[in-house]
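Okay, thanks for coming, everyone. Let me put the structure up on the screen and then walk you through a few parts of it.

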Amino acid sequence: MKNLNLFILPVVVFLTITTVINGGITSEYVRQAQPSVEMPLETFPSPPGYNVPEQVHLTQGDHDGRAMIVSWVTPLNLAGSNVVTYWMVVNSSTSTNSSDVKMAKKKAHGSTSSYRFYDYTSGYLHHANIKGLEYNTTYIYEVGSDQSVRQFNFTTPPAVGPDVPYTFGIIGDLGQTYASNETLYHYSNPKGQAVLFAGDLSYADDHPNHDQRKWDTFGKFLEPCAAYQPFIYAAGNHEIDFAPEIGEPHPFKPYMHRYPNAYKASGSISPLWYSVRRGPAHIIVLSSYSAYGKYTPQYLWLQQELKNVNREETPWLIVMVHSPWYNSNNYHFMEGESMRIMFESWFVNSKVDLVLSGHVHAYERSERVSNIKYNITNGLSTPVKDPNAPIYITIGDGGNIEGIANSFTDPQPSYSAYREASFGHAVLEIHNRTHALYTWHRNQDNEPVAADSFIVRNRYNLLDDERI
Ligand SMILES: [Fe+2]
């Protein structure tokens, strides 16, 4: 509670400012219209040396945070190219024998694949799942062999539990422009311990023939952050890479080769929808671009998954889905509507805390609203305030090549609490089973400045008299 008190005061002051203007804020901050200029291929040379690993990134390798998938790429597939060596960092206060550290080194062997896309052949993509890790522990890991070794580190989360503090970064629609670089720079203190990535990674498909070299440069761009903390990804439309006109009819081919996850650990049949538990949070990832109608695999999985959530163990229930359900921007307006109709009542009944989306290249936060009373004859199509409803965050403002989405609907609808056409990122600091602090940071501000901020009251642990 001591930590909580430290942040309550400045936030209360901020909330006082924001809530007085109830009914929604369209930020007066006007970002200068300028194109998002992509960093050229030459910005990201491969690291020097013979068969040196590159594009190193991490994601959670099991359901509860005791495994980590390490991914990397090598130009050649030599003996040892697919091996990750790792060891626990031993606190000097508990061990003075340096040989203990050396003896603790272990190896994990990865899978290796390569894919072709039009006229491009990928390097060798290695994915090794390190299992049986200790909670709340820092590990050093190395990929490569002989003189080509590169060394990184990561820290595992605390054991799943209701009152373990944990901080997530939230990023979406990043791409690889100079604006993307600002976003990652502003996040990469790093402010969080893991990143929830709301989809649309490289934007390779915005280039002729889906230039796959852009997937490589994106991997290099992300490495300084993603090699040190896991990213939990949702797939966006820019991951589809469906291009039958150039002989590439298999959706998600590059993405699924490069960004695997442990979907089977959550009973899913597809890496496009899955869940992980991390500290106090249960994260459900859905796919806007896979079938979700009644009887489909994703529908049936989500139906069961919501029953599997144990809010006594993980009080924070967060859903990530690329296409937003509550978005008052003219760009992609109502694209998420059919999925909202399918699942919104489930989210309300399950008291989902937050829904994180991207897709729209601006920032928006909703009120707690629902629109679940509508049927085809009653005409009840207006969202209403609902204390059991999630807050919907649209965070597609990572800074990609397509630029900012600066055309909001007018007037601002009642469900929209705050919206602004600026690039940025967000941070969710979960403090205990009842409170979290959410902040959104626009790139133009200094790092400590939060342009939008509020205390998130957990929906499951909300007392009845606290419901508004
Ligand atoms: Fe998108």
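Quick bit of vocabulary before we start: I'll call two strands paired if DSSP finds at least two bridges between them. And keep in mind that what you're looking at is a predicted model.

So, let's start with strand β12, residues 166–171. On one side, β12 is joined to strand β24, residues 424–430, by five bridges, and the two run antiparallel. If you want one contact to click on, take threonine 167: its bridge partner in β24 is glutamate 429. Then there's strand β13, residues 194–197, which pairs with β12 in the parallel sense over four bridges. There, isoleucine 170 has leucine 196 as its bridge partner.

How do you get from β12 to β13? Through helix α3, residues 178–187, and the three together make a right-handed β-α-β unit.

Now, how many of the six residues of β12 are buried? Six of six, so to speak a full house. As a general point, side chains in a regular strand alternate between the two faces of the sheet. Here, Tyr166, Phe168 and Ile170 point one way, Thr167, Gly169 and Ile171 point the other way, and all are buried.

Okay, on to a helix: α6, residues 297–308. A sanity check for the geometry people: twelve residues at 1.5 Å each should span 16 Å, and the end C-alpha atoms are 16 Å apart, so that agrees. The buried residues in α6 are Gln298, Tyr299, Trp301, Leu302, Glu305 and Leu306. Look down the helix axis and those buried residues fall within an arc of 160°, so they line one face of α6. And what's covering them? The list includes strands β15 (274–278), β16 (281–285) and β17 (316–320), plus helix α7 (337–349).

Last topic, charges. Side chains of opposite charge can pair when their charged atoms come close. Searching the whole structure turns up 16 salt bridges, and I'll show you three.

Number one: lysine 220 with glutamate 54, at 3.8 Å from N to O. This pair ties together distant parts of the chain, with lysine 220 in helix α4 (residues 213–226) and glutamate 54 in strand β2 (residues 54–60), 166 residues apart. Buried or exposed? Lysine 220 counts as buried because its relative accessibility is 16%, and glutamate 54, at 8%, counts as buried too.

Number two: arginine 277 and glutamate 313, where the closest N and O atoms are 2.7 Å apart. Arginine 277 sits in β15, while glutamate 313 is in the loop between α6 and β17, 36 residues apart in the chain. Arginine 277 is at 12% relative accessibility, so it counts as buried; glutamate 313 is partly exposed, with a relative accessible area of 34%.

Number three: aspartate 353 and arginine 311, at 3.0 Å from N to O. That one also links distant parts of the chain: aspartate 353 is in the loop between α7 and β18 (354–357), arginine 311 is in the loop between α6 and β17, and they're 42 residues apart. Aspartate 353 has 0% relative accessibility, so it counts as buried, and arginine 311, at 7%, counts as buried as well.

One more thing for the charge fans: Asp64, Arg277 and Glu313 are joined into one network by salt bridges that share partners.

That's me done, so over to you for questions.

Technical notes. Residues are numbered from 1 along each chain as its sequence is written. This is a predicted model: local features need pLDDT of at least 70, side-chain atom pairs count only at pLDDT 80 or more; totals for chains, interfaces and linings use all residues. Side-chain values use heavy atoms; hydrogens and water are left out. The expected span of a helix is 1.5 Å times one less than its number of residues. Buried means under 20% relative accessible area, exposed over 50%, partly exposed in between (1.4 Å probe, protein chains only). The arc is that of the directions from the helix axis to the C-beta atoms. Contact means heavy atoms within 4.5 Å. A crossover is right-handed if, with the strands pointing away from the viewer, the path from the first strand over the helix to the second runs clockwise. A salt bridge is a side-chain nitrogen of Lys or Arg within 4 Å of a carboxyl oxygen of Asp or Glu.
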